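I opened a fresh page for this chain and set out to look up how its parts are held together. My entries follow in the order in which I looked.

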Amino acid sequence: MLVKINFKPVTLLLILFTLVSCGSSVKSRNEAQKEFEAKLASLNSFLNGQPDTSLRIIGTISFFEKVTGIMSESDGSDIGKFNPTKQDYLNWQQ
């Protein structure tokens, strides 16, 4: 027995599913951009003399190196890199 399918509702559901998927992708992209900008602002504060007592800067440098593929000019140890440069900031900002 053949089942007759009405394609209008099926097409509408596919369109809605696609729109919802795109919306979550845009939201994720916006969240990622906000995180990137927040870390960039934190790095800028550090470079302008605000101390980083939590050593959060190690994670920030690592984040930018992974996300951008641009390695920091800073020195470091087994723990990580500690002293980002102004040039690092400019490179990652671009």
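The entries below go from the overall fold to the core, the rings, and then single residues.

**Entry 1, overall fold.** I note at the outset that this is a predicted model. I looked up the secondary structure and found 3 helices and 0 strands, which read along the sequence as α-α-α. I then asked what share of the 94 residues is buried. Buried residues come to 20%, and the protein exposes about 7,300 Å², of which carbon and sulfur atoms supply 61%. For the contacts between residues at least 6 apart in sequence, I found that 44% join residues at least 24 apart.

**Entry 2, the nonpolar core.** I went next to the largest nonpolar core, keeping in mind that in soluble globular proteins nonpolar side chains tend to be buried together. This core has 11 residues, namely Phe36, Leu40, Leu43, Leu47, Ile57, Ile58, Ile61, Phe63, Phe64, Tyr89 and Trp92. Which helices supply at least two residues of the core each? I found that helix H1 (7–47), helix H2 (56–68) and helix H3 (86–93) each do so, with the largest share, 5 residues, coming from H2.

**Entry 3, aromatic rings.** I searched for ring pairs and found 4 aromatic pairs in the structure. A pair of aromatic rings is described by the distance of the centres and the angle of the planes, and I recorded both values for two of the pairs. The rings of Phe63 and Phe64 have centres 5.3 Å apart and planes at 70°, and because an angle over 60 degrees counts as edge-to-face, I entered this pair under that heading. Both Phe63 and Phe64 are buried. Phe64 also pairs with Trp92, here in a stacked arrangement, with 5.0 Å from centre to centre and 15° between the planes. Since Phe64 lies in helix H2 and Trp92 in helix H3, this pair ties together parts that are 28 residues apart in sequence. Phe64 and Trp92 are both buried. Taking the rings as a group, I found that Phe36, Phe63, Phe64 and Trp92 form one aromatic cluster.

**Entry 4, surroundings of Phe63 and Thr60.** I looked up what Phe63 touches, leaving out residues up to four places away in sequence, and found Glu35, Phe36 and Lys39. What sits over the ring of Phe63? It is the charged end of Lys39, 5.2 Å from the ring centre. I then turned to Thr60, which has its place in helix H2 and, at 3% relative accessibility, counts as buried. With residues up to four places away in sequence again left out, Thr60 touches Lys39 and Leu43. I also checked a distance from Thr60 to the aromatic cluster member Phe36: their C-alpha atoms are separated by 9.6 Å, with the two positions 24 residues apart along the chain taken as the spacing.

**Entry 5, the salt bridge.** I recalled that side chains of opposite charge can pair when their charged atoms come close, and searched the whole structure for such a case. The search finds 1 salt bridge, formed by Lys81 with Glu65, whose closest N and O atoms are 2.9 Å apart. Why does this pair tie together parts that are 16 residues apart in sequence? Lys81 lies in the loop between H2 and H3 and Glu65 in helix H2, so the pair joins those two parts. I compared the exposure of the two partners and noted that Lys81 is partly exposed, with a relative accessible area of 22%, whereas Glu65, at 14% relative accessibility, counts as buried.

**Entry 6, contacts of Glu65.** I stayed with Glu65 and asked which residues it touches, not counting those up to four places away in sequence. I found Ile70, Met71, Ser72, Lys81 and Trp92, a list that takes in the salt-bridge partner Lys81 and the core residue Trp92. The C-alpha atoms of Glu65 and Trp92, 27 residues apart along the chain, are separated by 8.5 Å.

Conventions: Residues numbered from 1 in each chain as written. Predicted model: local features only at pLDDT ≥ 70, side-chain atom pairs only at ≥ 80, totals over all residues. Heavy atoms only, no water. Core = buried A, V, L, I, M, F, W, Y, C linked by side-chain atoms within 4.5 Å. Buried < 20%, exposed > 50% of the residue type's maximum accessible area, 1.4 Å probe, protein only. Helix = DSSP H or I, 4+ residues; strand = E, 2+ residues; numbered from the N terminus. Contact = heavy atoms within 4.5 Å. Phe/Tyr/Trp six-rings, centres within 6.5 Å; stacked < 30°, edge-to-face > 60°. Lys NZ or Arg CZ within 6 Å of the ring centre and 35° of its normal. Areas by Shrake-Rupley, 256 points an atom, 1.4 Å probe, with all protein chains shown as cover. Salt bridge = Lys/Arg side-chain N within 4 Å of Asp/Glu carboxyl O.
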